[in-house]
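Thanks for coming. I have one structure to go through today, so please look at the screen.

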Amino acid sequence: MSFRRHPVAGALALVVIGYLWIPILAVAVNSFNRSSLMVRWGGSTAHWYSLAFHDHNVRAGLVTTLEIAIGSTLLSLVIAVSGSLWWRRASPRARAVYDALVYARIVLPEVVFATALFFLFLKSHFPLGIVAIIIGHSVWNSAYAAVIIQARLIGLDPAVEEAASDLGATPWRVFRRVTFAALLPAIIASGLLTFTFSFDDVVTSYFLGGNSSSPLPIVLFGMIRFRITPEINAIGVMVMLFTVTLMCAAVAVFAIMGGARRGRRGAFAEFYGQ
Amino acid sequence: MTGDATVQLRQVEKRFGDLIAVRSLDLQVAAGEFFSIIGPSGCGKTTTLRMIAGFERPTAGLIEIVGRDVTHLPPYRRPVNTVFQSYALFPHLDVLENVAFGLREARTPRAELRRRVGEAISLVQLDGREQARPKQLSGGQQQRVALARALVNRPEVLLLDEPLGALDLKLRKEMQTQLKDLQREVGITFIYVTHDQEEAFSMSDRVAVMEQGLLEQVGRPEEVYRRPATPFVADFVGLANRLSGRLVGPTSGDRYEVEIEGIGRRLADGPPGLAAGTPVTVVIRPEDLHVEPAGDSASDAVATAGSVAATVVDVAFLGAHRTVRLNAGSLGQLNAVGRGQAMVAPEDTVRLSWKDDDAWVVPAASG
C-alpha cells in the first residue's frame, strides 16, 4: 500500500495520537507541579501524591469503588455466562429477542437506565447505595460481558462437549472441564473490561449512590467543583497506573493459560484477537 | 451370531417431529467385527450411530450393548466411545491430556493412566507430539489423536462417524489401511459410518446399506455388490447397468428365466422365492459386460442369441482399466469397464454380451 507512505497520512496519524495522548501527558506532568494553580511550572514535587494518599475522602472513595467494581463484575459474569449458555440452545426466535435485549443495554444512553432505576428503587423503597450501584452497573456491564462470551461460545463445537460426555464425563464435569475451561479466557477478558467500566463510571453511580456511598469518580467530581489542584492529577495518574497494571496482569495470565505454547505471537494476539 | 452380538438394535425408531429419521431398524453386530453403515446423506446412518452412542434417544425400540439394555442410559454410562467427524478434540488441552481425558474421568490410578496413554499415543504413532495442542497438528494427526483418545478407554465398541471425511484423498487411502490394521490389532468392534461405499468395502467385514431411514441390506461387501437386494443398493454400490423386465419363472434353485424388454428371454440369478410375473430389474455390473466389434465375423459366430447391438459414445482411459459408455437404443445408456475390452472407438457399432451367471435379478422398486 503506497497509501501508507503518504506524508499527509503520517502527519494525520501524529495529530490524532497527539490529540489522544497530550492531555493525558499533561495530567501526568502536572501531578508533579509545585504550583497549585497549574498555570505554569513551579518546580517538581511529590507532595500531591502524599496528599492524595492521606486524603480520607479519596481513600474511602477508592474502597467503595473497588467494592462496586468487584461486585458488579461478579454479578455481570454470572448473568452473562448463564445467559449465553441458555442462548446457545435457544430457538432462533428466542435468540433474536435475547440479542435485542443485550444490544439495547449497550446502545441506550446510560442516563435512561440510571433514571429508570432511580425511580424504580425509590418506588420500591430499595435503599440507594453500594448495592443499588452494583445492580445499576451490571445492567450494561452484563451486556458487554455477554457479547464477548457469546463470541467465544460460537467458536466452541458442540461435538466437543458430546465427546467429553462420550468419554465418561457427567454433565457437571463436562461443564467444568470443557465448557467453562473453553470460556475462561473470554470470562477473564470480559471480567476485566467490566471491572474497568465500573471503576470509572460517574452517571449511574451519581444517580444510585444516595448520600452515603461515593465512589472515587464521584469524590473527584466533588473536589473539582471546589478547586482544581494537582492532587486530582495525582489521583488520576494512580488510577491510570492501576488500570494498566491490571490489563498487563490479565494478558500475562492469558499467556500462561493459553498462549504460552503457541509461540511468541500467542498471548497478545489471542487476547485481543478473539 | 445372536449369541455373541456386541451391539443389538431391535425395532429401533427415531422421529424428529414429523420426520422419521430411522424406522424399525433391526441390526446385530458381532464381537470384533468391522461393521459399516453406508448410505446417502440423510439416510439415518449418523442418527443410528448417535443412538448407539447415547446422544439421541430412540423414539421406540431397544438398544443392547454386550447383552445389557442401554436404551435409556446417558452417553457417559455406555461402554462405547466415538470418533467424531470433526474430531472434537479439546482445544484447551494438549495431546496427552486429550488422550487421558476418559481415563481421568474413570479415576484410573496414575501409573496405569500414564502407561495406557503412552501406549495409545504410540499406537497411533504420535510419540513426541504429547505436548502439542490440537491446533498445531495436521488433519491426519488430529484424526489419530481422536482415535487414541477413544481407544485408550478400551471400549466394547468404537463408533466412527465419517472419520476420514475431512482428509484429502491420498491420506484417506493411507488411513483406511491403517484403520483396518489397527482394528485387527486391538480386536475391538468397530461401527463405521460413511457415505463412501468404496471406503466401507475396503475395510469392512460386513456392510449395512440404509436409505430414507430404512435398512436395505446387510451382508459381506462382495455379497452386497454381487447380489444387491434392491435396485437402490444396486445403484448405490458401484456402477450398475439396469435392464427392466418381467419374471417368467424359476428354472432351478435361484436361477430364473426373465423376459427383458427389448432383448427377449434370458436366464439370470436372483434371490430365492420370487413369483412369476414379478416386475424386475436385471443388474449387470460394467465389468461383466463384454464389448465386441460388430463386424468381426469370427466373434459373430460365437455371439449368442440375445446379444445386444450398441453404439460407443465415449471411451475413457483410467490407467488400470478403461470405461466404455454405450448407447443401446431403447435400453438406454450402458457402461462397460475392463482391461480386456476390445479396442473400440467412439461411434463404433458393437455387440454386447454377458454370462447368465453375471446377471442378477432384483424386484423392481414399487414406488
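**Walk-through of the two-chain model**

What you see is a predicted model. In it, strand β3 of chain B, residues 34-38, and strand β9 of chain B, residues 206-211, pair in the parallel sense over four bridges. For a fixed point in that pairing, take B:Ser36, which stands opposite B:Val207 in β9(B).

Now the sheet around that pair. It is an open sheet of six strands in chain B, with mixed pairing, and the order is β6-β7-β8-β3-β9-β10. The edge strands are β6, at 80-83, and β10, at 214-219, both of chain B, and each of them pairs on one side only. From one strand to the next, the twist averages 20°.

A helix comes in at the β6 end of that order. Helix α4 of chain B, residues 139-151, lies across β6 and β7 of chain B, β7 being 157-161. Relative to β6(B), helix α4 runs at about 175°.

Stepping back to chain B as a whole, there are two domains: domain 1 covers 2-226 and domain 2 covers 239-363. The C-alpha centres of these two domains of chain B lie 39 Å apart.

On to chain A. How many helices and strands does chain A have? Twelve helices and zero strands. The C-alpha trace of chain A spans about 70 × 60 × 35 Å along its principal axes. Of the 274 residues in chain A, 33% are buried. If you take contacts in chain A between residues at least 6 apart in sequence, 74% of them join residues at least 24 apart.

Next, the interface. Here 19 residues of chain A are in contact with 19 residues of chain B. Which elements of chain A give two or more residues to the side that touches chain B? Those are α7, residues 158-166, and α8, residues 171-199. The largest share of that side, seven residues, comes from α7(A). By class, the side of chain A that touches chain B has nine nonpolar, four polar and six charged residues.

Last, confidence. The predictor gives the complex an ipTM of 0.83 and a pTM of 0.78. Chain B averages a pLDDT of 89, and 94% of its residues score at least 70. Over residues 297-303 of chain B, however, the pLDDT is below 50. Beyond near neighbours in sequence, that stretch has three contacts in the model.

That is what I have; I'll take questions.

How values were computed
Residues are numbered from 1 along each chain as its sequence is written. Chains are lettered from A and ligands numbered from 1 in the order in which they are written. This is a predicted model: local features need pLDDT of at least 70, side-chain atom pairs count only at pLDDT 80 or more; totals for chains, interfaces and linings use all residues. Domain bounds come from an automatic or database domain assignment. Two strands pair if DSSP finds at least two bridges between them. Axes are lines fitted to C-alpha atoms, for helices over the stretch in contact, and angles run from 0 to 180 degrees between N-to-C directions. Two residues are in contact if their C-beta atoms, placed from the backbone, lie within 7 Å. Ala, Val, Leu, Ile, Met, Phe, Trp, Tyr, Cys and Pro count as nonpolar, Asp, Glu, Lys and Arg as charged, and the others, Gly among them, as polar. pLDDT is the predictor's confidence in each residue, from 0 to 100. A residue is buried if 20 or more other C-beta atoms lie within 10 Å of its own, exposed if 12 or fewer, and partly exposed in between; C-beta atoms are placed from the backbone.
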